[in-house]
Amino acid sequence: MEAIRRSIDLSYSFIVDLSMDQIRIDLTSSIVRVFLTLKVENTGASQASDVLLAFPPTEAEHLAIVKASTAEGKRKRKTYVPLSVNPTELPDAPNGARLFSISLRNPLKTGEAAVLEVLYIVTHCLEPFPVEISQSETQFVYYHDSATLLSPYHVMEQITYIKTPNNKVESYTRVDPTNRAGTELRYGLYHDLPPYSYSPIIVHFENNNPFAVVEELVREVEISHWGNLQVREHYKLKHAGARHKGVFSRVEYQSRPSISGVSSFKHLLARLPPRVHSVYYRDEIGNISSSHLRLGSQKSELEIEPRYPLFGGWKATFVIGYGLPLQDFLFESPDGRHYLNFSFGCPLLETVVDELTIKVVLPEGSKNPSSAVPFPVNQQLEVYYDFSPISMLAEPLMLVSAVFLFFIACIAYLHIDLSIRKS
Amino acid sequence: MAPKPISSPVPVAWYPSLAVLMLSIGLVVTASFFIYEATSSRRNRSLSKEITTGAVASVFLGFGSLFLLLATGVYV
């Protein structure tokens, strides 16, 4: 044990041990959310300014967000302060584990402990099994993970809770001590785990939540300085759960909704900014009238219902468009440039987007565009450009000159003498 | 330090009223232009009066049609 400790000592200048961590894995929707509560203690010689998190390579490829925060204040005045998380490289990480480093606000001195809360979201990691189901069957998925947290540090105590959407768990790997109570599966309490310890587990459970995946999303934002921001979004939606096999019987689907098509979905909810107007929902055939828009003061909700319910492997393509007031999104920065502050992500809730393209159309007469895109996603996209207000006169001057040309033509016609006889 | 939001130079709520007002003035001036053309004889016409009336009418008609486009939602 001493020998292993010392080799790790050489690559880090400090050691941080995890004295107690609690992992809560939420499998109740189609996207997996993991909440970690880590109590870190510095047992090395020097100060620790960041804490490392490790992920196995398959999970790291599908990571959507990693967020960390620490609690400050006591009891009622507890506030959570976000910490920045950045990917790092470490030369001796085994088996291609990917590392992220959380920067602490105050460096941890020797002997000190701190509590960190980490949230990370993984997409595309619930594997449907059986791969194909018929209309009247329910959907079961595999969840692959490890009973112990993959960590570059020595872990003294650890417990993992897995929450499934309902009681139907077909099977789960037992890594003692393991217990299951209703919708909660507990792995732990484990003591004294060496760094990078990994015990793979598989949980096979029923999950009928909508597995909506947007394969490709193209968003066009058109800025008009006369007061409007027009957004047009082209979606290619797919149901990424267990594929549908056999026939689709509409009679059975409508007459027994609790048995037939439980894993399919009919509705999708999109969250739009508050003062939205002129919302439309179309596809290549034409307008789709099955939608509801609820306007509010904080946000607006658009509930769309595609022309047919989506079963496993089925796709739908549609366009959603809406207009927004300009003053909510376009600002003038102190150095005179205009900048657009717009949310980057997809407005559909509980959906995963595989490919996202954003196009911003700047008004005529803009110069020097540049953009700042912060990652991870769900942040604001900022586009900067120079625009002088005189350029706005381009449009009315075009119209004025067109009409004036018409009047000049009238005058010219009336002055030209086309008669052959002298009058 | 709070960034200043940018909005249209003309309040958006005025667009329909401005459109109607400017188009009606423009059409009245156009009418006066054609009445002048019809009533005056070829010798009494003054080119400067025709051109100024035409210019004023085209300015009002141009801006009026711009506000008409904006009021209907075609944000040019």
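In strand β16 of chain A, A:I202 is the bridge partner of A:H144. The pair belongs to a predicted model, in which β11 (residues 140–146) and β16 (residues 200–206) of chain A run antiparallel and are joined over seven bridges. The points below cover two sheets of chain A, the contact between a helix of chain A and one of chain B, the annotated transmembrane regions, and the cysteines.

**Four-stranded sheet of chain A**

- Strands β11 and β16 take part in an open sheet of four strands, ordered β9-β11-β16-β13 in chain A, and the pairing is antiparallel.
- The edges are occupied by β9 (126–128) and β13 (169–172) of chain A; each has a single partner strand, so one side of each lacks a neighbour in the sheet.
- On average, neighbouring strands of this sheet are turned by 20 degrees against each other, with direction ignored.

**Five-stranded sheet of chain A**

- An open sheet of five strands in chain A follows the order β21-β24-β18-β17-β27, and its pairing is mixed.
- At its edges stand β21 (277–282) and β27 (352–361) of chain A, each of which pairs on one side only.
- The average turn between neighbouring strands of this sheet is 10 degrees, direction ignored.
- Within the sheet, β17 (residues 212–224) of chain A pairs with β18 of chain A in the antiparallel sense over 12 bridges.
- Along this pairing, A:E222 is set opposite A:Q230, a residue of β18 in chain A.
- A:K238 also belongs to β18 of chain A, which spans residues 228–239.
- A:K238 counts as partly exposed because its relative accessibility is 24%, a value between the 20% limit for buried and the 50% limit for exposed residues.
- A:K238 and A:G313 are 75 residues apart in sequence, while their C-alpha atoms are 6.5 Å apart in space.

**Helix contact between chains A and B**

- Helix α4 of chain A (residues 394–415) and helix α2 of chain B (residues 47–71) have axes that come within 8 Å and cross at roughly 145 degrees.
- The crossing of α4 of chain A with α2 of chain B is right-handed.
- The residues of this contact comprise 15 nonpolar, five polar and two charged ones.

**Annotated transmembrane regions**

- For chain A, an unreviewed UniProt entry places a "transmembrane region" at residues 397–416.
- Residues 397–416 of chain A are 95% helix and 0% strand, and the C-alpha atoms at the two ends are 28 Å apart.
- For chain B, the "transmembrane region" annotation, from an unreviewed UniProt entry, covers residues 12–36 and 56–75.
- The stretch 12–36 of chain B is 88% helix and 0% strand, with end C-alpha atoms 37 Å apart.
- The stretch 56–75 of chain B is 80% helix and 0% strand, with end C-alpha atoms 25 Å apart.

**Cysteines**

- Over all chains, a search of the whole structure finds zero disulfides.
- A:C125 is in no disulfide, and the nearest cysteine sulfur, which belongs to A:C346, lies 19 Å away; a disulfide would require the two sulfur atoms to be within 2.5 Å.
- A:C410 is buried because its relative accessible area is 14%, which falls under the 20% cut-off.

Technical notes
Residues are numbered from 1 along each chain as its sequence is written. Chains are lettered from A and ligands numbered from 1 in the order in which they are written. This is a predicted model: local features need pLDDT of at least 70, side-chain atom pairs count only at pLDDT 80 or more; totals for chains, interfaces and linings use all residues. Side-chain values use heavy atoms; hydrogens and water are left out. Axes are lines fitted to C-alpha atoms, for helices over the stretch in contact, and angles run from 0 to 180 degrees between N-to-C directions. A crossing is left-handed if the near helix is turned anticlockwise from the far one by less than a right angle, and right-handed if clockwise. Ala, Val, Leu, Ile, Met, Phe, Trp, Tyr, Cys and Pro count as nonpolar, Asp, Glu, Lys and Arg as charged, and the others, Gly among them, as polar. UniProt positions are given in the numbering used here, feature names are shortened, and annotations may be inferred rather than shown by experiment. Two strands pair if DSSP finds at least two bridges between them. Buried means under 20% relative accessible area, exposed over 50%, partly exposed in between (1.4 Å probe, protein chains only).
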